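User: I would like to go through this structure step by step. Could we begin with a single residue and work outwards?

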Amino acid sequence: MAAVGTALFIALNLFYKRRVWTPESDYYTFREEEEERSEKQVLVLGLDGAGKSSVLQELSGAGSRRGCRPTRGFNFISLHTPACQLDFLEIGGGEDLRMYWVDYLRRTNILVYVVDSSDRGRLPQAKDELHRLLKADTDLPVVVLGNKQDKPDAVSVPELREALSLSSVADQRKLFLLAAQSGSEGLSRTCGLQKFQDLLLTLV
Ligand SMILES: Nc1nc2c(ncn2[C@@H]2O[C@H](COP(=O)(O)OP(=O)(O)OP(=O)(O)O)[C@@H](O)[C@H]2O)c(=O)[nH]1
Ligand SMILES: [Mg+2]
């Protein structure tokens, strides 16, 4: 019995050592780590109707914002860039979903916060939700998109900075505010799709 036990122990030990130390396994571990490193998470949040899905649709190359329905749960797209893969996760902005937003901050590299610049009545609410997120994670880089700039009643970027109290945000935080409009390649016309992507890549 003892001999069988010893033989089993030696065999397992040899097997374990082979798994861990062979050059091939080292190579695969290295490759897995590399693959993990090259996937970056971008969390896309904002009140319902702000335009999160429309922005994602445009980023994915679908162009027009026509056909966007309220997101009842999640919405996910991946962008392959030469530097890395950007995984965008939108969580719906409805009141019932906002309580879950903070749970996703931990696993993300950047927060993109979309605001409807023409929804003046709900700017205070957009501000409160944004500051709740900023408080929950004090280091996360943030890009605020002041969306729907094509609408005649949209507030300007300086007004939006004021309305969202962005000047009160700590200096060391990486925070950017960009004007945007999505649909019909609007994002390309305002903040610039390529510029937006490049900015994200500098922040991951
Ligand atoms: N005029 C204008 N309308 C826009 C713009 N972006 C989005 N919309 C419209 O706004 C509405 C809401 O857009 P969505 O992209 O579904 O908004 P969302 O933030 O994903 O909303 P939820 O999924 O409900 O949280 C849609 O009717 C869009 O067509 C924009 O830049 N300009
Ligand atoms: Mg949506």
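User: Which residues does threonine 71 touch, leaving out those up to four places away in sequence?
Analyst: In this predicted model, threonine 71 touches Ser53, Glu90 and Gly92 once residues up to four places away in sequence are set aside.

User: Where does threonine 71 sit in the chain?
Analyst: Threonine 71 lies in the loop between α3 and β2, the latter covering residues 74–80.

User: And is threonine 71 buried, exposed or partly exposed?
Analyst: Threonine 71 counts as partly exposed, because it has 18 C-beta neighbours inside 10 Å, whereas a buried residue needs 20 or more.

User: What about serine 53: where is it, and what does it touch?
Analyst: Serine 53 is found in helix α3. Not counting residues up to four places away in sequence, serine 53 touches Cys68, Thr71, Asn75 and Glu90.

User: Why is serine 53 classed as buried?
Analyst: Serine 53 is buried because 23 other C-beta atoms lie within 10 Å, and the cut-off is 20 or more.

User: Which residues does UniProt list for "binding site"?
Analyst: The UniProt record, an unreviewed entry, lists Ser53 and Thr71 for "binding site". These residues span 19 residues in sequence, yet no two of their C-alpha atoms are more than 7.6 Å apart, so they gather at one spot.

User: Now the ligand. Which residues come nearest to ligand 1?
Analyst: There are 24 residues around ligand 1, and those that come nearest are Gly51, Ser53, Pro70, Thr71 and Gly93. Both residues from the UniProt listing, Ser53 and Thr71, therefore appear among the nearest ones.

User: What classes of residue make up that shell?
Analyst: The shell around ligand 1 has 14 polar, six charged and four nonpolar residues. Helix α3 supplies the largest share of the shell, three residues.

User: How many residues of α3 are buried?
Analyst: Eight of the eight residues of α3 are buried, and the helix is mostly covered. Among them are Lys52, Ser53, Gln57 and Glu58.

User: What follows α3?
Analyst: Glycine 61 follows α3, and its phi is positive, near 95°.

User: Let us turn to the interior. How many residues are in the largest nonpolar core?
Analyst: The largest nonpolar core has 34 residues. Those with the most contacts inside this core are Val42, Val44, Val112, Tyr113, Val114, Val115 and Leu145. Several elements each supply at least two of its residues, including β1 (39–45), α3 (52–59), β4 (110–116) and α8 (193–203). Strand β4 gives the most, with six residues. In soluble globular proteins, nonpolar side chains tend to be buried together.

User: What is valine 115 in contact with, apart from its neighbours within four places in sequence?
Analyst: Its contacts include Gly46, Ala50, Ala126, Val144, Leu145, Leu160 and Leu164.

User: A different topic: how many helices and strands are in the chain?
Analyst: The chain has eight helices and six strands. Along the sequence they follow the pattern α-α-β-α-β-β-α-β-α-β-α-β-α-α. Of the 204 residues of the chain, 29% count as buried.

User: And where is arginine 173 found?
Analyst: Arginine 173 is in the loop between α6 (157–163) and β6 (175–179). Arginine 173 counts as partly exposed, because it has 14 C-beta neighbours inside 10 Å. The C-alpha atoms of arginine 173 and leucine 140 are separated by 7.4 Å, although the two residues are 33 residues apart along the chain.

Terms used. Residues are numbered from 1 along each chain as its sequence is written. Chains are lettered from A and ligands numbered from 1 in the order in which they are written. This is a predicted model: local features need pLDDT of at least 70, side-chain atom pairs count only at pLDDT 80 or more; totals for chains, interfaces and linings use all residues. A nonpolar core is a set of buried Ala, Val, Leu, Ile, Met, Phe, Trp, Tyr and Cys residues joined through C-beta atoms within 7 Å. A residue is buried if 20 or more other C-beta atoms lie within 10 Å of its own, exposed if 12 or fewer, and partly exposed in between; C-beta atoms are placed from the backbone. Helices (H or I, at least four residues) and strands (E, at least two) are DSSP runs, numbered from the N terminus. Two residues are in contact if their C-beta atoms, placed from the backbone, lie within 7 Å. A residue is near a molecule or strand if its C-beta atom, placed from the backbone, lies within 6 Å of it. Ala, Val, Leu, Ile, Met, Phe, Trp, Tyr, Cys and Pro count as nonpolar, Asp, Glu, Lys and Arg as charged, and the others, Gly among them, as polar. UniProt positions are given in the numbering used here, feature names are shortened, and annotations may be inferred rather than shown by experiment.
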